[in-house]
Amino acid sequence: MGILSGNPKNEPLHYGEVFDIWASQLVGNSLIAGYQTMINHAGDEDLKKLLVEAIETYQQEKKQVEELLKENGVGLPPAAPEPPDACLENIPVGARIPDPAIAATLSANIAAGLVTCSQVIGKSIREDVAMMYVQFHNQKVALGAKVLRLNKEKGWLVPPPLHLNKHGDC
């Protein structure tokens with residue numbers, strides 16, 4: 001039996017796993033605070049619901065990752081304090097983050113999170129770490145689909161140039 005056989009939780013993390021897990025936690029902490037702030041700016045109720053869902057998803061991930069880091073003797077990254085609630089009407093119009101920009105940011109962050117999860121999965125030699133990030137990846141896929149649907153329904157989606165002439169017909 002080698003050092004990398006048996007219960008994965010008893011196996012050491014390699015430096016790449018430690019860095020990626022720690023960095024994903026740092027980013028998740030920032031996203032939670034950012035989405036909490038965006039809720040203050042959002043006017044659309046459906047968008048607010050998706051922001052709350054994103055916060056809850058990242059908080060659940062945060063709990064799992066913190067446990068993993070602590071179990072492996074890795075210090076936790078800093079987290080911003082929860083921002084105060086604000087009334088949308090008290091935010092000057094020119095200082096507000098518009099709903100389409102919030103939705104676009106949420107979409108971009110989800111896409112980046114999918115890439116991060118895939119990288120952690122690909123680098124992991126511990127099955128438990130890989131499977132945890134598979135779970136996170138799947139949650140992001142589901143949330144991303146909801147955000148895409150919302151962007152389409154609200155007319156906020158800015159598509160790239162569309163290829164309409166598929167067969168060379170005039």
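**Close-up views of a predicted model**

Tyr35 and Tyr58 are both buried. The views below come from a predicted model.

**View 1. Two aromatic pairs are found in the model.** In one of them, the ring centres of Tyr35 and Tyr58 lie 6.2 Å apart. Their planes meet at 50°, so this pair is tilted. A tilted pair is one whose planes are neither under 30 degrees apart nor over 60. Tyr35 sits in helix H1 and Tyr58 in helix H2, which spans residues 45-71. The two residues are 23 apart in the chain, and their pair links distant parts of it.

**View 2. Tyr133 and Phe136 form an edge-to-face pair.** Their ring centres are 5.0 Å apart. The planes stand at 70°, and the pair counts as edge-to-face because that angle is over 60 degrees. Both residues belong to helix H4, residues 127-154. They are 3 residues apart, about one turn of the helix. Tyr133 has a relative accessible area of 2%, so Tyr133 is buried. Phe136 is buried too, with a value of 1%.

**View 3. The largest nonpolar core holds 19 residues.** Tyr35, Leu47, Leu51 and Leu106 have the most contacts inside this core. Four helices each supply at least two of its residues: H1, H2, H3 (99-123) and H4. H2 brings the largest share, 6 residues. Leu106 offers a good place to look at the packing. Setting aside residues up to four places away in sequence, Leu106 touches Tyr35, Leu50, Leu51, Ala54 and Val147. A second core is separate and has 12 residues. Among them are Ile21, Val65, Leu69 and Cys117.

**View 4. Gln25 is a buried residue of helix H1.** Helix H1 covers residues 15-41. The relative accessibility of Gln25 is 3%, so Gln25 falls under the 20% limit for buried residues. Which residues does Gln25 contact, leaving aside neighbours within four places in sequence? The contacts are Glu61, Lys62, Val65, Glu66, Leu69 and Pro77. Val65 and Leu69 also belong to the second nonpolar core.

**View 5. The largest pocket has a volume of about 290 Å³.** Its lining is made of 21 residues. Nearest the pocket centre lie Ala23, Ser24, Val27, Gly28 and Thr116. H1, H2, H3 and H4 are the elements that give two or more residues to this lining. H1 gives the most, with 8 residues. What is the make-up of the lining in nonpolar, polar and charged residues? The lining divides into 10 nonpolar, 7 polar and 4 charged residues.

**View 6. Lys154 in helix H4 is partly exposed.** Its relative accessibility is 33%. That value lies between the 20% limit for buried and the 50% limit for exposed, so Lys154 counts as partly exposed. Lys154 touches Asp44 and Asp46, not counting residues up to four places away in sequence. Lys154 and Ile39 are 115 residues apart along the chain. Their C-alpha atoms are separated by 17 Å.

Conventions
Residues are numbered from 1 along each chain as its sequence is written. This is a predicted model: local features need pLDDT of at least 70, side-chain atom pairs count only at pLDDT 80 or more; totals for chains, interfaces and linings use all residues. Side-chain values use heavy atoms; hydrogens and water are left out. Buried means under 20% relative accessible area, exposed over 50%, partly exposed in between (1.4 Å probe, protein chains only). Contact means heavy atoms within 4.5 Å. Rings of Phe, Tyr and Trp (its six-membered ring) pair if their centres lie within 6.5 Å; planes under 30 degrees apart count as stacked, over 60 as edge-to-face and the rest as tilted. A nonpolar core is a set of buried Ala, Val, Leu, Ile, Met, Phe, Trp, Tyr and Cys residues joined through side-chain atoms within 4.5 Å. On a 1 Å grid over the protein atoms alone, a cavity is a set of points where a 1.4 Å probe fits but cannot get out, and a pocket is an open set with protein on both sides within 12 Å along at least five of seven lines; lining residues have an atom within 4 Å of a point. Grid points are joined across faces, edges and corners, and a volume is the space filled by probe spheres set on the points. Ala, Val, Leu, Ile, Met, Phe, Trp, Tyr, Cys and Pro count as nonpolar, Asp, Glu, Lys and Arg as charged, and the others, Gly among them, as polar.
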